[in-house]
Amino acid sequence: MRGSRALPARDLPRWANENGVAPVYARPVSESFTITARDGAARAGVLRTAHGEVRTPAFMPVGTKATVKSVDPDELHALGAEIVLGNAYHLHFRPGEELVAELGGLHAFMGWDGAILTDSGGFQVFSLRDTLLATDDDGVTFRSVYDGTSERFTPELSARVQELLASDVAMCLDICPPAGVPRPELEEAVRRTTAWAERQRDLPRAAGQLRFAITQGGLDGELRRRSSVELVALDFDGYGIGGLSVGEHREPMFQATTEAASFLPEEKPRYFMGIGDPEGVLEVVARGVDMFDCVLPTRTARTGSALTSEGRLNLRNARFAADERPLDDGCPCPACSRFSRAYIRHLVNQQEILGLRLLSLHNLRFLLDLVAAARQAIERGEFLTWKDEALRRAKGPDE
Ligand SMILES: [Zn+2]
C-alpha cells in the first residue's frame, strides 16, 4: 500500500476517486492552474493542488530536509505560506522515501497539511561539482554528500522517490550545469533533460500529484528555446525555469528570464528555481513567473540579518545596541510585534536559538508579505509603479 495510501476525505482533490487516487491524465491539465489577473507580463493566479489552493505569485519557503529550518508548520501557516519545498535528493538519503511513505507520506511525516513541491535532486547532483562522477544517457553517478558513497540517480528513481514522498508537485530530474560551461556541455544538458523528461512524463504519480518539467539552456537563447519547445510538446502540468541564478550576472539573468518565460505556454504555471531576494523576486514576477523558492530568508537569519522594507539590516552592527524599534515598522510577525532590534541583536550575538528563530520568522513573513502585495498590485493593474517604489525603498535611505 506504500504510496497509494488514501488521503483523508477533506484532502481529496475533486478529480480523485473515493480512494484518493487520481487517474493519470483523466482530467484536463489546465484545471490545475487559472490566471485571475494580468498586468503587463506579470500574472496573478491560483494553482490547485491535492492539499489546497496556492495563490500565485507564490514564494515557497524551502524545507529541504522536511523542515523549514527552526519554523513550526503552524507558524508557517500563520506567516501566510501555502506551499513549501522538499527535496528528493536529501530525503532519499535521510531518512529515505520508503520510511516516509510508511509513515503516511511527507505531509503526515512533517506535520504540514498545505501544498508541497519536491525538487528532483538534479540541482543538488549537478551543482555539487566535486561530488559528480559521471553522467550518461541513462542517469548520473555521484558521491552522496552524506557519506561519500557512490550513488546513482535516474529519472525513474527521482520520480519514484517523489511518488513515495507524495508531494503535490513533482519536478522532473534535469541536468543543471553551473554558469559559464562551454556551449557543447549546455547543449548536451538540454538534450538529456528532454530525453529524461520524456521518460518521466507517464511514470506513476502520487494521488493528485502534478508534474513539472524544467527547461535548461543557461543564458543561451537558442538552447533555451529548444529546451522549452521540446518540453512544452510533452505537455506537463507546469514548467520550471532551471539553470539560471547559478552564478551569472543579474542583468543577463533577468534578460534570459524574459526570454525563457516567453517560450512557455500562457496557461501553465512557471516556476523560477532558486531566487528569493526582494529585487530578484519582483523582477521575475514582472517577467511572468508564478512561483519561486529560495533559502535566503532562513540563511540570512543565520547570518544575523533581517530583510526589511528599507533594506537589509545586519543586527551584529553596534548601531542597533540600544535600538528599541522593531525590525520593520508595521510588520505583524512574532519578532516585530514583541521584540526590539536591541534584544534580537543581543540574542544573535549570544548565539541564542531564539534569535535565529525570530529572524527566520520575520524574514519569511517579509517575503511572503512582499509577494502578497505584488499579487494585489497586479490585481489593481499597478504592478510596475508599485514594484519601482518597493525597490527604491528597499535600497535604503540615500547616504
Ligand atoms: Zn517582522
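**Exercise 1. Place helix α14 against the sheet.**

Solution. Helix α14 (residues 353-380) lies across β4 and β14 (291-294). Its direction is about 160° to β4. Contact here means heavy atoms within 4.5 Å. Axes are lines fitted to C-alpha atoms, for helices over the stretch in contact, and angles run from 0 to 180 degrees between N-to-C directions. Helices (H or I, at least four residues) and strands (E, at least two) are DSSP runs, numbered from the N terminus.

The model is predicted: local features need pLDDT of at least 70, side-chain atom pairs count only at pLDDT 80 or more, and totals for chains, interfaces and linings use all residues. Residues are numbered from 1 along each chain as its sequence is written, and side-chain values use heavy atoms, with hydrogens and water left out.

**Exercise 2. Give the strand order and find the edges.**

Solution. Start with the order: β4-β14-β13-β12-β11-β10-β6-β5, an open sheet of 8 strands with parallel pairing. Two strands pair if DSSP finds at least two bridges between them. Now the edges. β4 (58-61) and β5 (83-87) each have a single partner strand, so one side of each is left without a neighbour in the sheet. Neighbouring strands are turned by 25° against each other on average, direction ignored.

**Exercise 3. Zoom in on one strand pair.**

Solution. Take β11 (residues 210-215) and β12 (residues 238-241). They pair in the parallel sense over 4 bridges. Next, pick Ala213: its bridge partner in β12 is Tyr239.
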